[in-house]
Structure formats: structure tokens, C-alpha cells
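Visitor: Please take a close look at one part of this model for me. I would like the aromatic contacts first, and then how they sit among the helices.

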Amino acid sequence: MPPPPPTARATSHLPSLPPPPASYNSLIRTYARSSVPSLKLEALRLYHSLLLDPSAPPPNRYTFPFVLKSCAFFSFFSEGSQLHSHVVKFGLACDTYVANSLVHFYSSCGKLACARKVFDKISEKSRVSWNVIIDACVTNGDYQEALALFREMQVEKFVPDIYTFQSVIGACTGIGSLSLGMWAHKLMLRSTDRELLLSDALVNNSLIDLYSKCGSIALARKVFDEMPVRDIASWNIMILGLAMHGLVDESIDYFTRMTSIEKLRPNAITFIAVLSACNHGGLVSEGKKYFDSMVNHYRIEPRIEHYGCIIDILARAGFIEEALETVSKMPCKPDAVIWRSLLDACCKKNAGLELSELLARQALEVKDDATSGVYVMLSRVYASANRWNDVALVRRLMSEDGVKKEPGFSSIELDDGTMHQFVAGDTCHPRSEEIYDNLQTIEKRLELQGYRPDSSQAPMIEGVAVVKGDSLRLHSERLAISFGLLTGAGPGRPIRILKNLRVCKDCHTMTKLVSQVYQAEIIVRDRIRFHHFRDGKCSCMDYW
């Protein structure tokens, strides 16, 4: 008796006659490889038919990879798990080809532990096996494990290929490590497939993304300029990278070069990139122009991300009423990001309590992972109005709803590639005492230059300015800067910091002064953009 078939979700009609037994695998393969979702479902239906067809041979090593491919596409965890049991029952659990497909399937469903369990049981691993598990780790955000597996792959004498390097570069990008990314790039240059790797658009695009997101826009531009062939993704990544680094004019120039000189047709992602450039530069009229061009000239239907960009451009520039009018005309429902963007603008422009409360209610109605940010902004509104009872009420609501403020942390990368992470008020680092002593020295030197903490940046704390100043000096990026100066940062050795939250105005001012007083180059990547500090200046526009 054959094992019970997996649950079928396909609803398409069954043919009057089943296909010839020998054609099941070829038909399943054809449907699974199709780019049409409804046809991918046919692969599952055909597998079901195969199990019910007494004249058909049992599924084999050429059947399961393609059925699992369809399950992976739809993230059908239940069906794929049943297929895994079929693999075992038909004696194919040790087949490397089938096992690789199982690893990919579990990864696509977000089940990294299951994928790793299958991988570890493969007795005869191939290069594809290593590529699939490394990619699984990157896809699911376990970047350190991906790099550890890559090192293990090299120990096992497997030669990395294009797919390996693309995943490894993605892992380096994920942890924000420039040195490890450069190490991976050097390995590529030493590879026997060097010419093939350097001519591959996907690998080069990954390198541009790596260098852009790790704070070296010069290296990103070098890779871009040396590419033999650029696709639309190459231009999109470069335009967005320049925008993130505050090089707004250059970002827009690249867009013009792409459309006018290279004659490439921009897509929806291109306009997200160029609108982001306008947002970073506060270019309201230009943002409107590009949005209108996207809709009326290129006939691209705006996504919610495009609306989010143009609304943020208007709101940050103080055109809150126009931004609200744009929201009211949107054909799609605003998401929490749009409401938070408007609330943030209201906080900074002192648009009034009533409007801020309304926007906060709208943002809280759309549940997502950043709910705590809404409460924090609302607290800031109340604190700015000295309504401390309302601040306490917001805190109580956060507690009752089980909402915790997202803790701020900053990571700093040293020359040897090691990453050191700090949270606000951190005392866990083995050099904490030195770090805090050095931070005091830094603050004293800055005070001689006229620096005074901006207590408005700690509005959730009721009390005298000295108490608020103490809360600001505990911000994680300050600890990272102090540690960076302790470890020998200086001319030619920039301090690179990755921060999970936005940099506050006071920390931005303080970091500019540090770069001037200590002659240090400091690159901070926060949730929104890069802040490149040098000689008391910052590459990005102050947006507070």
C-alpha cells in the first residue's frame, strides 16, 4: 500500500485520463519550473495523481525535488512535511539530491532548525548542499552561522562558486562587516573562476549592496564602474546607496544617467530609490516631479512604499496638511509606517496635541512590530507640553498592553573584523570602566568647545537638566565612539558604527564635535541613513 498522499490545495480540474506513467516526472518538473503560480500548483496535483495511479511507478529521486520546489514556493509547510515522510518511506532520505531540496524547502518555510537537521544527516554532501544551507542561514537572518558554515565548507575542501559567494556576501552585509566583506571579495579575486565571478551581475550587485550598507560608498562605486554589464538592479542599488550616504545630487545624477544616457526604463524599485534620495535631501518639488513622472510618464502604479516616500517628504518639510491630503487620496490603506511618519513630523513641527493623538490612534490600530515607537513619540509630545501625567499614562498603557520599548544598541567593527555591541547604559563589556572614563574625558573636551547636552532629546524623563543629560550620555553610540577612540581610531582608521534605532539630535551634534576635536572619521549607519562625520561636519542633512 502506498503511503497516504499529502494534503492537496490545488483546486484545478483533473484530466479525464491520467498521463502515461513515464511522463509524471517530466510533467511535474515542467509545472514546478513554471513562473505561473497556478501551474506550480499543478505539480502537487500531479504528484497526488501519481500516488493514486496503480500503473505508475513509485516516486523516485527525480520526483521529490520538484514537488518540494513547489511547496517551497508557496511555503506549504504541512504538505512539505508530509512529502518528507514519503521521502523516508520510499528509502530516499540518504539521497543527496533529494536532501538538498528538503533543506531548501524548510528554509523557505522559515524552519532553519529543520533545514540544519536534514543537512547534518547528509552523508555525502555536495557543493550544492553547502550552498543551500549557507543560503538558508542568510535567508533566515543567521549571518554568523552562514559564515561559520562557509569556513567549514573550505575546511572540507569544497570550492565556492558564484552561488556560495553571493550568499556569503549577503551574510557580511547582514552583520554590517566591511572587513569580512572585503575578505570575501578577495577570496573571489583569487578564485580559479575569477573571470566568471567578476562578470556575473548578481555577484557584483551583491558587492555594491555590501559596500553601500557597510559605509564605503567609494568601493561600491568602484565595483559599479568596473562592471562589464549592468542591469536595472545595479542602478537601483547604486542610486539608493548614494541616497543613504547623503549624496543626494549624485544619486539623482545616476538616475538621470540611467534613463537619459543608458536608455534603461526605470521600474518601481528605481522610483523608491530616487524618492528616497529626495527624502534624504528634503527636495519636495523634485520628489513631486519624480512621483508624477512615475505615474503619468512611465505608467507605473504606485505601491504603498512610493506613497510612504512622498508622504514622508511632505511631512518632514512641514507640509503636514498636504501629506494628510495625500493619505486621504491613496487607493490603498495606509500602513503603520505612514502613520508613524506623520506622527513623527507632528512631534518635530509641534503640530499640536489633538492631531498627534489622532495620528497615534491611527498608527496603533495597525498592529506591527514597531508599536513601541508610537508610544514613545506620543510620550515625547506630552513631555514637550509638560503633561507628565499623560506621559505616565502612556507608560502604563505600554505596560498593560505588554509593549516594551525597543532597546537601543550599537555595534562597532574593529580592524581585525571583530564586532563589539553596546546597549544603552551598558556595563557588560570587559573594558566598561575604561570606556566610561574615556567618555567623561571626551565630554569635558567637548564642553570646552561649547557643547551642552540638549535636554529636549530626553523628554520622557521628568526632572532637571542634569538628570536628562545623564540619560543622554548612556546612549549606545556614545559608548561605541568612546571604545573606538580607545582602540586607536584616527586618520585613515574610521570608526564604523551600526545602530538599530535612529540617531538623536544631541548624539548627532556630539558626534560632529568629536570628529572635529579628535580628528576622527566616524561613520554611523542608523535605521534610516548613514551619517558620515569628518572635521566637524556631516554628509547627511540634519533632519530634526
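Guide: What follows starts at one ring pair and then moves out to other helices and the domains. Keep in mind that this is a predicted model.

Start with Phe-77 and Phe-105. Their ring centres are 6.5 Å apart and their planes meet at 10 degrees, so the pair is stacked. The cut-off for a stacked pair is planes under 30 degrees apart. Phe-77 belongs to helix α4 (residues 77–89), and Phe-105 belongs to helix α5 (residues 96–108). The pair therefore ties together parts that are 28 residues apart in sequence.

The two rings differ in exposure. Phe-77 has 32% relative accessibility, so it counts as partly exposed. Phe-105 has a relative accessible area of 0%, so it is buried. Phe-105 also pairs with Tyr-106. That pair is tilted, with 5.0 Å centre to centre and 55 degrees between the planes. Tyr-106 is buried, as is Phe-105.

A charge joins the picture at Phe-77. Lys-111 lies over the face of that ring, 4.9 Å from its centre. A similar note applies to another ring: Lys-289 lies over the face of Tyr-290, at 4.6 Å from the ring centre. Tyr-290 is also part of an aromatic cluster, together with Phe-255, Phe-271 and Tyr-298. The count of aromatic pairs comes to 20.

Now move to Ser-129. Ser-129 sits in helix α7 (residues 127–139). Its relative accessible area is 2%, so Ser-129 is buried. Leaving aside neighbours within four places in sequence, Ser-129 is in contact with Thr-96, Asn-100, Phe-119 and Ile-122.

Ser-129 also brings in an annotation. The unreviewed UniProt entry lists residues 126–160 and 200–234 under "repeat: PPR". In residues 126–160, the end C-alpha atoms lie 11 Å apart, and the span is 74% helix and 0% strand. For residues 200–234, the end C-alpha atoms lie 11 Å apart, with 74% helix and 0% strand.

Next, two helices whose faces can be read off. In helix α1 (residues 24–33), the buried residues include Tyr-24, Asn-25, Ile-28 and Ala-32. They cover an arc of only 95 degrees around the axis, which puts them on the same side of α1. The other side of α1 has Thr-30 and Arg-33 exposed. Among the elements covering the buried residues of α1 are α2 (37–52) and α3 (64–74).

Helix α19 (residues 320–329) can be read in this way too. Its buried residues are Ile-320, Ala-323, Thr-326 and Val-327. Looking down the axis of α19, they fall within an arc of 115 degrees, so they line one face of the helix. The face turned away from that buried side carries Glu-321, Ser-328 and Lys-329, which are exposed. Cover for the buried residues of α19 includes α18 (304–316), α20 (336–349) and α21 (353–365). As background, an α-helix has 3.6 residues a turn, so residues three or four places apart point the same way.

Last, the domains. The chain is divided into domain 1 (1–158), domain 2 (161–230), domain 3 (232–331), domain 4 (333–405) and domain 5 (409–538). Between the C-alpha centres of domain 1 and domain 3 the distance is 40 Å.

Technical notes
Residues are numbered from 1 along each chain as its sequence is written. This is a predicted model: local features need pLDDT of at least 70, side-chain atom pairs count only at pLDDT 80 or more; totals for chains, interfaces and linings use all residues. Side-chain values use heavy atoms; hydrogens and water are left out. Buried means under 20% relative accessible area, exposed over 50%, partly exposed in between (1.4 Å probe, protein chains only). Helices (H or I, at least four residues) and strands (E, at least two) are DSSP runs, numbered from the N terminus. The arc is that of the directions from the helix axis to the C-beta atoms. Contact means heavy atoms within 4.5 Å. Rings of Phe, Tyr and Trp (its six-membered ring) pair if their centres lie within 6.5 Å; planes under 30 degrees apart count as stacked, over 60 as edge-to-face and the rest as tilted. A charge sits over a ring if NZ of Lys or CZ of Arg is within 6 Å of the ring centre and within 35 degrees of the ring normal. UniProt positions are given in the numbering used here, feature names are shortened, and annotations may be inferred rather than shown by experiment. Domain bounds come from an automatic or database domain assignment.
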